[in-house]
Amino acid sequence: MATPVRRTARRWPRCDRPALVALLLGLAGVGYRLVLTLFTLPTSNSDEATFGLAALHIAAGGERPVFLYGQRYMGMLESYLAAPLVGLAGPSWPVLRLPLLALYALFVWLTYRLTRRLFSPWFAAFVVGLLALGSERVVRDQLTVVGGRPEVKPAVVAMLLIAVGLAERRIGHRFLATGLFGLLAGMALWSDWLIVPYLAVAGVVLVWAAPRELVGWAGVLLVAGFLVGVAPMIKDNLVAPAGQDSLSVFREISTRAGATPAWSQRVRGGLLEGVPLATGLCPMDGCARWQQWFGLLYPLLLAVAAALGLVAYRRAVDGAGRVRAVAQLALVAGAGLTLLAYVRSPLAATDPLGNSRYLSVLQISLPAVLWPLWSAARRAGPGAAGAAGRLVGVLGTAVLAALTATALVVTGAFVASAGSLRAEEGRARELAAAVRRAGLREVYTDYWTCHRLIFNTGEAVVCGVLDGNLTPGQNRYPAYWRRVARAQRPGYVLAVGSSAERGLRRLLGDRADAAVVTEVSGYRVYHPETPVRPWR
């Protein structure tokens, strides 16, 4: 008689309490953003539509763009991620944004793992809770398809985890892990050059973790992976016309002539506006004075975090411990270098609200920046040594509580404003529907209306961009401009009362009112008998 085979029940890995709390908080953050994605919040714009149109072109098989149309330094990875979805479902803002929701979830999960590895389990759960919250500025950087930031953040965190894992001997296929490190670095560099400071410090951690291995095949795979990841950028730059390679374009933008504000103004804009906005402590329209406190505290926290990292390095008893300390210091250095690069730009002073998005990568360093406060807060208990220790603990707890409360308030304010934002998105769709009902297929309009209109109509309507003087504006995709230029009777979609509309009415004269076919959502749609092209 055969002996029955006893099957061992499969056991799922059990979560400890910090991991369970982090899982619930992470799911709440993903759920919150899923609802926002389904309702197209934050609202769409023409920059995002450009990535969406590129995804449509990729899905159709006709194009393989490397950089954003008309901007040869920002990679199109997000368009490639969205292309299969929009190819199946058609142009849709929620569908376009779904890959970024997955990237956010990946970033939170990797950040939890790295924070737990470098610091402590409960602190890692707390960081996940903060990342689950999201003001409009923070969520816009995470969910809108405007290039770079959503994909480079999980890439850097994964690179640091690989380096630490190599040092701790947790990774079996070490050569493949090194090749993956290089691949992630190359893809991140292609996608967004703003991540260069973090790529540099992550590379230092890798060298510290496995210096001897990098001399052999691991180093070969590292370089090979990097070249594969950055290959699209290399290929495009080899065939780019003189002065149109990505480095030249980026240098031109970075050194554009204009007034240079004083360092004090740039530092003030970077710290008091940029850092709180990027951290989710302010609404989109700017920071009130009571919301700027974290920007003042940020440099001090970086300094203390660096000191704690050095202490951890000196106290480490083995190579893995020293690499973990170096990873802590790398997070501090990445944040410091990114902030320094930001305040070097005049835009930190002249337009901090519009450019604070460039500091969104500071979320990578959030665990290191807040670790001094968490370390201090642990001294608030009855077992703390001395009154001074308890006072430091109370202060650390109070700052963490204030940070959490401020983020909650600003997140709540964003949710409360959802109705007005939805109405604005609805007006854009009403405009697209009205243009289609008017029978127009080629129109002229302004930049912030053009590609959004094309995406909302699934390219049934295309447009050319005009500025306020009715002369050609920023036309990212020349094929659209050429098609409208060939149209025998193009339409004009202009904001009511804008300088462009006033100019068109002057040129049309007595025929202006007769040329109006509809007025909707603050726009007038004109369809004159003969085209008006004053630039010719």
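This passage walks through the packing, the polar links and a few backbone oddities of a predicted model.

The nonpolar interior is a good place to start. The largest nonpolar core takes in 92 residues, and helix 7, spanning residues 149-167, supplies the largest share of these with 13. Within this core, the residues with the most contacts are Ile-195, Tyr-198, Phe-294, Tyr-298, Ile-364 and Leu-370. Take Ile-195 as an example: leaving out residues up to four places away in sequence, Ile-195 touches Val-152, Val-156, Ala-188, Val-361 and Ile-364. Ile-364 thus turns up both as a contact of Ile-195 and among the core residues with the most contacts. Apart from this core lies another one, made of 55 residues, including Leu-56, Leu-100, Tyr-480 and Ala-500. In soluble globular proteins, nonpolar side chains tend to be buried together.

Some nonpolar side chains sit on the outside instead. Leu-34, Val-35, Leu-38, Phe-39, Leu-85 and Leu-98 make up a nonpolar surface patch of about 500 Å². Helix 1 gives the most to this patch, with 3 residues. Leu-38 belongs to helix 1, and it counts as exposed because its relative accessibility is 54%, against a cut-off of over 50%.

Moving along the chain from helix 1, one comes to a loop that leads to helix 2 (46-60), and Pro-42 is located there. The peptide bond joining Leu-41 to Pro-42 is cis, with omega near -5°. As a rule, most peptide bonds are trans, and most residues other than glycine have a negative phi.

Helix 2 has a couple of residues worth a closer look. One of them is Ser-46. With a relative accessible area of just 1%, under the 20% cut-off, Ser-46 is buried. Its side chain reaches two backbone nitrogens: that of Arg-452 at 3.1 Å, and that of His-451, which lies 3.3 Å from a polar side-chain atom of Ser-46. Beyond its neighbours within four places in sequence, Ser-46 is in contact with Tyr-447, Trp-448, Thr-449, Cys-450, His-451 and Arg-452. On the other side of that pairing, helix 20 covers residues 447-456.

The other helix 2 residue is Glu-48, whose side chain meets that of Arg-97 in a salt bridge, at 2.8 Å from N to O. This pair ties together distant parts of the chain: Glu-48 is in helix 2 and Arg-97 in helix 4 (residues 93-118), with their positions 49 residues apart in the numbering. Both partners are buried.

In total, the structure holds 18 salt bridges. Another of them joins Arg-174 and Glu-213, with the closest N and O atoms 2.4 Å apart. Here too, distant parts of the chain are linked: Arg-174 is in helix 8 (residues 174-191), while Glu-213 lies in the loop between helix 9 (196-209) and helix 10 (217-239), and the two are 39 residues apart. Arg-174 has a relative accessibility of 12%, so it counts as buried under the 20% cut-off. The bridge between Asp-513 and Arg-505, with the closest N and O atoms 2.5 Å apart, has a less sheltered setting: Asp-513 counts as exposed at 57% relative accessibility, and Arg-505 as partly exposed at 26%. Salt bridges also link Arg-117, Glu-168, Arg-170 and Arg-324 in a network.

Two loop residues round off the backbone picture. Glu-459 has a phi near 70°, a positive value in a residue other than glycine. It is located in the loop between helix 20 and strand 4 (462-465), and it is partly exposed, with a relative accessible area of 27%. Ser-521 is not a glycine either, yet it has a positive phi of about 55°. The loop holding Ser-521 runs between strand 6 (516-520) and strand 7 (523-526). Ser-521 has a relative accessible area of 22%, so it falls in the partly exposed class, which lies between the 20% and 50% cut-offs.

Note on methods. Residues numbered from 1 in each chain as written. Predicted model: local features only at pLDDT ≥ 70, side-chain atom pairs only at ≥ 80, totals over all residues. Heavy atoms only, no water. Core = buried A, V, L, I, M, F, W, Y, C linked by side-chain atoms within 4.5 Å. Buried < 20%, exposed > 50% of the residue type's maximum accessible area, 1.4 Å probe, protein only. Helix = DSSP H or I, 4+ residues; strand = E, 2+ residues; numbered from the N terminus. Contact = heavy atoms within 4.5 Å. Patch = residues over 30% accessible without salt bridge, like charges linked within 9 Å, V, L, I, M, F, W, Y side chains within 5 Å. Areas by Shrake-Rupley, 256 points an atom, 1.4 Å probe, with all protein chains shown as cover. Salt bridge = Lys/Arg side-chain N within 4 Å of Asp/Glu carboxyl O. Polar contact = N/O pair within 3.5 Å; in protein donor to acceptor, adjacent residues only side chain to side chain.
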